[in-house]
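Hello,

Here is the structure I promised to send over. Have a look at it first, and then read on for what turned up.

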Amino acid sequence: MKEKKLTTENYKGTRDFFPADMKIRNYLFSVMKKVVRSYGYEEYDGPMIESLDLYRAKTGEEIVGKQIYNFIDKGGREVAIRPEMTPTVARMVASKLRDLPRPIRWFSIPNLWRYEQPGHGRLREHWQLNVDLFGVTHHYAELEILSLACDILFAFGASRDSFRVKVSHRALLDEFFKEGLALRSDQSHEVSKILDKKNKITNEEYISLVNKTIPENPGAVEKINQFLISKISDLSNIPGLKQETISTLTDLFKDLESIGLGDMVDFDPSVVRGFDYYTGFIFEIFDTSPANKRSLYGGGRYDNLIGLFSNDELSGTGFGLGDVTLLNFLQTHNLLPSLSNENTVFIPLLDSAHFLLCQSMATKLRNAGIAVDLSLTSQKMGKQLSYAEKKGYRWILLQGEEEIAKKTVSLKDMLNRTQEESSFENALEKISIELTK
Ligand code: HAM
């Protein structure tokens, strides 16, 4: 009987990163890292598995109730694969709170797991750049975090009209629900969850959910809808809002204008953010192309997370930028550069008797910092050239019978379609000069 073979398919909602995909991933990460480092952020990492309690505390029902990958470990502990990084960074910061010079500027690019229905912009495993700033209560923290977020997209070549930053404040919703609509806190919580998923459900479903949650408040849907489309200048007419909250928002927008981001940022009270830890400004960044509806970034200020671990308080502000939505954005706007193997030199082997000679040239090139693909099997030139072409190599360094006799090499430049014979040293110098161009 024939043995049944295993499937080569990867687990639903995950990606295999073949070398071509890895090149893209490394490119995304290298641009992200360059920009965040230019703002003085330092890289950290944490474990992929944490205690489930860490997420139960404040990650929010949608993730903890439905999407988390949790299990009991062999020691009987309830653990989870990280669905987000914020609780981990808060735990790590809290564990060294007294030793860390403030403000604390940290970043990480973890892979995160959520049991989602995979679709455009949504997978079960994604990588997420997390940038967090701790210890600054002034909205200068928001100015830095938002301009850093924009700078990352600019560094990828994005234009000013290709994305929009949408900002709101947690207090707005809280005050409007509590004072404006006279909701109990459990009802406020339920209604914010409905608003958080408003874009994912039909209008009829939305209305029916709100009416079911607050049946004693029949005019609520209309008032909420009015609130959701309000501009900053309308806020004084929204019932329940405190003047202090309105000023907090107007002050931030004034400063965003002053630092040159005014044209990129909208006040948008429909930004809700489904996490329980946010306490201040909240924001999301969206692609302006209708092809990509999911947010590129999500973030905000959280004042109480460190308090889960310590009696000290420390305010944090930060965001997560997902690699799936970012890649969709870059592809939609034609911003992905071609990432080739161009810089690798190929040394073909035409006669196995010459292997050691070729090997010694490879060593000299590698010692000079040049990547080399050295052929290990002697084959006809045509076959080796077609391999080099498929791999996208620009340089082919050849030493056949003739060159050996003359103590020269031939250097083929596949980009400019030229071939030159010279000493090995001259060929090395030429490649080095071209690589630094
Ligand atoms: P989040 O809004 O859940 O926030 O995720 C941030 C970004 O990660 C989203 O805008 C999206 O680009 C990406 N993302 C999230 N889930 C998925 C998924 N299933 N598939 C693909 N991409 C996804 C947080 O996680 C917060 N902890 C961010 C944060 C950091 N807040 C403060 N600091």
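Before the ligand site, a word on classes: Ala, Val, Leu, Ile, Met, Phe, Trp, Tyr, Cys and Pro count as nonpolar, Asp, Glu, Lys and Arg as charged, and the others, Gly among them, as polar. With that split, the shell around the ligand holds nine nonpolar, 12 polar and six charged residues. Please keep in mind that this is a predicted model.

The ligand site

In total, 27 residues surround the ligand, and the closest are Glu84, Thr86, Arg273, Tyr278 and Ser295. Ser295 also makes a polar contact: an N or O atom of its side chain is 2.8 Å from an oxygen atom of the ligand. Tyr277 places a polar side-chain atom 3.0 Å from a ligand nitrogen atom. Gly322 takes part through its backbone, where a polar atom is 3.3 Å from an oxygen atom of the ligand. How much of the ligand does the protein bury? Taken alone the ligand exposes 660 Å², and 98% of that is buried by the protein. Four elements give two or more residues each to the shell: β7 (125-134), β11 (297-302), β12 (316-322) and α11 (323-332).

Two backbone details

Arg273, which is among the residues closest to the ligand, has a phi near 65°, a positive value in a residue other than glycine. You will find Arg273 in the loop between β9 (265-267) and β10 (281-287). The other detail is the peptide bond from Arg102 to Pro103, which is cis, with omega near 5°. Pro103 belongs to the loop that runs between α4 (86-95) and β5 (104-108). As background for both, most residues other than glycine have a negative phi, and most peptide bonds are trans.

The two sheets

One open sheet has three strands in the order β2-β4-β3, with antiparallel pairing. Why do β2 and β3 each have one side without a neighbour in the sheet? Both β2 (49-51) and β3 (69-72) stand at the edges with a single partner strand each, so one side of each is left free of a neighbour there. From one strand to the next, the twist in this sheet averages 35°. β2 and β4 (residues 78-81) run antiparallel and are joined by three bridges; along this pair, Ile49 stands opposite Ile81 in β4.

Another open sheet is built from five strands in the order β14-β13-β15-β16-β17, and its pairing is mixed. Here β14 (372-374) and β17 (418-422) are the edge strands, each with a single partner, so each has one side without a neighbour in the sheet. The twist in this sheet averages 20° from one strand to the next. Three bridges link β13 (residues 345-347) with β14 in the parallel sense, and Ile347 has Leu374 in β14 as its bridge partner.

What the record says

An unreviewed UniProt entry places the feature "domain: Aminoacyl-transfer RNA synthetases class-II family profile" at residues 13-337. Over that stretch, residues 13-337, the chain is 40% helix and 19% strand. The C-alpha atoms at its two ends are 26 Å apart.

Best wishes

Terms used
Residues are numbered from 1 along each chain as its sequence is written. This is a predicted model: local features need pLDDT of at least 70, side-chain atom pairs count only at pLDDT 80 or more; totals for chains, interfaces and linings use all residues. Side-chain values use heavy atoms; hydrogens and water are left out. A residue is near a molecule or strand if one of its heavy atoms lies within 4 Å of it. A polar contact is a pair of N or O atoms within 3.5 Å; within protein, one must be able to donate a hydrogen and the other to accept it, and residues adjacent in sequence count only if both atoms are side-chain atoms. Accessible areas come from the Shrake-Rupley method with a 1.4 Å probe; for residues, only the protein chains shown count as cover. Two strands pair if DSSP finds at least two bridges between them. Axes are lines fitted to C-alpha atoms, for helices over the stretch in contact, and angles run from 0 to 180 degrees between N-to-C directions. UniProt positions are given in the numbering used here, feature names are shortened, and annotations may be inferred rather than shown by experiment.
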